[in-house]
Amino acid sequence: MEGRAQTWHYGLIAKWWAEFNDDFRPHEIPYFQRYIERGGEPALDVACGTGRLLIPYVRAGLDVDGCDVSADMVALCREKATHEGLTPTLFVQAMHGLDAPRRYRTIFVCGAFGLGSTLEQDQQALRRFHEHLEQDGTLLIDIEVPYADEKLWQHWLKDQRVKLPETSGQPRSLRPASDGTELGLRSRIVELDPLAQRVTYEMHAEQWRDGVLEAQEDHHLDIRLYFMNELLLMLERAGFADVVVQGDHNDAEPTSDDDFIVFVAKKH
Ligand SMILES: C[S@@+](CC[C@H](N)C(=O)[O-])C[C@H]1O[C@@H](n2cnc3c(N)ncnc32)[C@H](O)[C@@H]1O
């Protein structure tokens, strides 16, 4: 069970996140923040990445720790925090092996559940979250529903699946980074297994300086594709009795048109 979770958030991809992803899906930040502010401290940001959510929360004076399986993402998160004079507790850990220094009133996982893990590891992660919550604490997990991405959804069908792997990814466009380099990413779908509910992507990353290619990397990422009802059952198996599902970080009932849904699970 302790096997390594396989993610691609290392090296140039971690650098890309630190450089360009702070403004990604901004409505997620106040959504989780409200739960922490309403008596939800201390909180743990599981898979905190480079601190897109964690740093604004710590800046606002909230007691929030962070963990992530990628030492590169954690190092960049720490660097950003230090730059602002902030010193959050950060640690490198896979969520299924979570062993945090304290217990929390809120644990939240944004954009990371099912990345690079097996079904067993995901079930184990839910048990670890349950164990790390204080009594009456709240777990918040979001997922992108498997039918959200039109291109990906087509590959559930046999006649589309045989066309995988995709031959070419999206075109690479270089973006200027703060250190004078330019970064480009290109991803493609390699495989989709509908029985295992798993898609495998490949990401090619390049770093250029003054028109010269300085570095390039290729990474793979398996993503587990969950539907609402199976995650509800998994949460129940992990000990969460009281679970509400909400729409795309909006406090409303979920609808069939929501690309993301959030599970709000109480530990009693
Ligand atoms: C899409 S990023 C999201 C980062 C951050 N939560 C945010 O919303 O900005 C996914 C993050 O999950 C981390 N991650 C992937 N699999 C993980 C696992 N099994 N346990 C802990 N972190 C994981 C990656 O290293 C990466 O930092």
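**Exercise 1. Identify the bridge partner of Trp-208 in strand 9, and describe the hairpin and sheet around this pair.**

Step 1. Leu-213 is the residue of strand 9 that forms a bridge with Trp-208. Strands here are DSSP runs of E with at least two residues, helices are runs of H or I with at least four residues, and both are numbered from the N terminus. The model is a predicted one, in which local features require pLDDT of at least 70 and side-chain atom pairs count only at pLDDT 80 or more, while totals for chains, interfaces and linings use all residues. Residues are numbered from 1 along each chain as its sequence is written, and side-chain values use heavy atoms, with hydrogens and water left out.

Step 2. Strand 8 (residues 198–209) and strand 9 (residues 212–224) run antiparallel and are joined by 12 bridges; two strands pair if DSSP finds at least two bridges between them. Another bridge sets Val-199 against Ile-223 in strand 9.

Step 3. The hairpin of strand 8 and strand 9 has 2 residues between the strands, and Asp-210 there adopts a positive phi near 50°.

Step 4. An open sheet of 4 strands, with antiparallel pairing, follows the order 6-7-8-9. Its edge strands, each pairing on one side only, are strand 6 (175–176) and strand 9. Helix 1 (residues 11–20) packs on this sheet and touches strand 6, strand 7 (182–193), strand 8 and strand 9, its direction making about 115° with that of strand 7. Contact means heavy atoms within 4.5 Å; axes are lines fitted to C-alpha atoms, for helices over the stretch in contact, and angles run from 0 to 180 degrees between N-to-C directions.

**Exercise 2. Determine the strand order of the open sheet of 7 strands and the helices placed against it.**

Step 1. The order is 3-2-1-4-5-11-10, with mixed pairing. Strand 3 (90–92) and strand 10 (242–246) are the edge strands, as each pairs on one side only. From one strand to the next, the twist averages 15°.

Step 2. Strand 2 (residues 64–68) and strand 3 run parallel, joined by 3 bridges. Within this pair, Asp-68 stands opposite Val-92 in strand 3. Helix 4 (residues 71–83) packs on the sheet, where it touches strand 2 and strand 3; its direction makes about 165° with that of strand 3.

Step 3. Helix 2 (residues 28–37) lies across several strands, including strand 1 (43–46), strand 4 (104–109) and strand 5 (133–144), and runs at about 170° to strand 5.

**Exercise 3. Describe the shell of residues around the ligand and its polar contacts.**

Step 1. The ligand is surrounded by 20 residues, the closest being Ala-47, Arg-52, Asp-68, Met-95 and Cys-110; a residue is near a molecule if one of its heavy atoms lies within 4 Å of it. The shell divides into 12 nonpolar, 6 polar and 2 charged residues. In this division Ala, Val, Leu, Ile, Met, Phe, Trp, Tyr, Cys and Pro count as nonpolar, Asp, Glu, Lys and Arg as charged, and the others, Gly among them, as polar.

Step 2. A polar side-chain atom of Asp-68 is 2.6 Å from a ligand oxygen atom. A backbone N or O atom of Val-69 lies 3.3 Å from a nitrogen atom of the ligand, and a polar backbone atom of Leu-115 is 3.3 Å from a nitrogen atom of the ligand. The protein buries 96% of the 600 Å² that the ligand exposes when taken alone; these accessible areas come from the Shrake-Rupley method with a 1.4 Å probe, and for residues only the protein chains shown count as cover.

**Exercise 4. Locate Lys-80 and state which residues it touches.**

Step 1. Lys-80 belongs to helix 4. Not counting residues up to four places away in sequence, Lys-80 touches Ala-18, Asp-22, Thr-50 and Ile-55.

Step 2. The side chains of Lys-80 and Asp-22 are joined by a polar contact of 2.7 Å. A polar contact is a pair of N or O atoms within 3.5 Å; within protein, one must be able to donate a hydrogen and the other to accept it, and residues adjacent in sequence count only if both atoms are side-chain atoms.
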